[in-house]
There are 2 protein chains.
Amino acid sequence: MSIERAARVRRSPEAARENILAACEAILLEQGPQALKLADVAAGAGVANATVLHHFGSIDGVQTALMTRMIRQLVQRIAVDFGQHQDAVGRVGAGARALFDAFGTRGGARLAAWLELTGEARRMTAIRQAVQEVAALRMQLDSPVDETAVQDFMLVCVTMALGVGLFGDTMAELLGRPPERIREIALDLIEARIRQETGG
Amino acid sequence: MSIERAARVRRSPEAARENILAACEAILLEQGPQALKLADVAAGAGVANATVLHHFGSIDGVQTALMTRMIRQLVQRIAVDFGQHQDAVGRVGAGARALFDAFGTRGGARLAAWLELTGEARRMTAIRQAVQEVAALRMQLDSPVDETAVQDFMLVCVTMALGVGLFGDTMAELLGRPPERIREIALDLIEARIRQETGG
DNA sequence: CGCTCTATTGACATTTTTGTCGGTAATGTC
DNA sequence: GACATTACCGACAAAAATGTCAATAGAGCG
């Protein structure tokens, strides 16, 4: 019997990078950032180690590209969700909901935690831009009294969404409560605050 | 000139372990979990690599011991803070405050995030025990209507405390708000909920 | 087809990190 | 002081992870 060698796949540079980063994302979500080893990434993508290095230069390059990609996806998802609401009343609640969705799925919160732990949290500037744009939008549309109050409030929303997205499931399981409960209550707190602000 | 060799320090096994784990904790807080290398830990503790291994067997043993130690400290801190309040009214607010303190300082939230990312979140069972004890205590003292409501609420408090503790400072800086703001608003949300629950 | 370009690769080199081992030196005990 | 115990260390070995390089092979183009 002859030795069969898998036919070599040749992709465009973009497709090759995409393929590798997708594998990285899966590893990050399933095993955490410390499992992002060159060999594992290459194996996950179905290519040789050297191929990964050819496209990204180093394992750090891979990580940087992964962060960038995930942040871009995250911001885009938030923007889309937020843009879908037109009425002033439901917009804030829907915005909060969009935040919770964005960070609760596809590893958004895990990415943020990774950045935080590795001291690369400055990379999240894209999030800042998005939040500030949204804040400006709300000022324009709903014209609430205090601008800093709006910013403060959005700040807390983002932080809560991150916390729930990262720890929610584990905490719920740990304490024997249904996983969606945390999110419900957190959103409830937020909406109560909104009613208080706008209503009286 | 003769070669001076620093006098060898000999500690009790407990003190030696303590010394090493303290160095680990500093590294974890300053540089993140990925920086917990054997050589760095040994250097931080002022001992040889082999000494670290002598006491913990392997670098994994070091990490496990560190987790255990930090969790123990964390739970103890929460318990102390919580036990200081006697009146039923302020207890919940004070409890929430204690939670925020515990996770916001000394890397409690960073530890939790690390456990979460590495998939070792089950180690946090000590936290579960503490929360359940506190919930039982509150049921006994304040006898609110619904037990699951109390549990749900504490669950959200813990998750929010974790989120604020881990992401609060970065998010505040990122959005140009004072760092203590998040904590204030979050506690405000919680206390509003308490008033709503108990008051009407 | 012949040619160029470059994504891809296995084999190898380098670096980093972890772990082993025999010996040394504090400390307590008799 | 003699001895046993063991925390401690330097030097080295092993393993793991990253990175280099020359050669190979798809794909487009004349």
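Helices here are DSSP runs of at least four residues, numbered from the N terminus, and a residue is near a strand if one of its heavy atoms lies within 4 Å of it. With that in hand, let's walk through this predicted model, starting with how the protein chains are arranged and then turning to each DNA strand.

Two copies of a chain are related by a rotation about an axis and a shift along it. Here, chain B is superposed on chain A by a rotation of 180° with 0.0 Å of shift along the axis, at an RMSD of 0.1 Å. That is the relation of a two-fold axis. If you would like to find the axis from chain B, look for Gly163(B): its C-alpha is the one in that chain nearest the axis, at 1.8 Å. The interface fits this picture, since 100% of the interface residues of chain B are also interface residues in chain A, so the copies meet through the same surface.

Now follow DNA strand D. Of the 22 residues around this strand, Arg8(A), Leu38(A), Thr51(B), His54(B) and His55(B) come nearest. α3 (49-56) of chain A, along with α1 (13-31) and α3 (49-56) of chain B, each supply at least two residues of the surface near the strand, and the largest share, 4 residues, comes from α3(B). That surface has 10 nonpolar, 5 polar and 7 charged residues.

What do these residues reach on strand D? Sugar or phosphate makes up 64% of the strand's atoms within 4 Å of the protein, and bases make up the rest. On the base side, a polar side-chain atom of Arg8(A) lies 2.5 Å from a base oxygen. On the phosphate side, a backbone N or O atom of Leu38(A) is 2.7 Å from a phosphate oxygen, while a polar backbone atom of Ala48(B) is 3.0 Å from a phosphate oxygen.

Turn next to DNA strand C, which 22 residues surround, the closest being Thr51(A), His54(A), His55(A), Arg8(B) and Leu38(B). Of the strand's atoms that come within 4 Å of the protein, sugar and phosphate account for 65%. The surface near strand C draws at least two residues each from α1 (13-31) and α3 of chain A and from α3 of chain B, with α3(A) giving the largest share, 4 residues.

The polar contacts on strand C can be read residue by residue. A side-chain N or O atom of Thr51(A) is 2.6 Å from a phosphate oxygen, and a polar backbone atom of Leu38(B) is 2.6 Å from a phosphate oxygen. Arg8(B) reaches a base instead, with a polar side-chain atom 2.6 Å from a base oxygen.

Methods: Residues are numbered from 1 along each chain as its sequence is written. Chains are lettered from A and ligands numbered from 1 in the order in which they are written. This is a predicted model: local features need pLDDT of at least 70, side-chain atom pairs count only at pLDDT 80 or more; totals for chains, interfaces and linings use all residues. Side-chain values use heavy atoms; hydrogens and water are left out. Copies are superposed by least squares on the C-alpha atoms of residues with pLDDT of at least 70 in both. Contact means heavy atoms within 4.5 Å. A polar contact is a pair of N or O atoms within 3.5 Å; within protein, one must be able to donate a hydrogen and the other to accept it, and residues adjacent in sequence count only if both atoms are side-chain atoms. Ala, Val, Leu, Ile, Met, Phe, Trp, Tyr, Cys and Pro count as nonpolar, Asp, Glu, Lys and Arg as charged, and the others, Gly among them, as polar.
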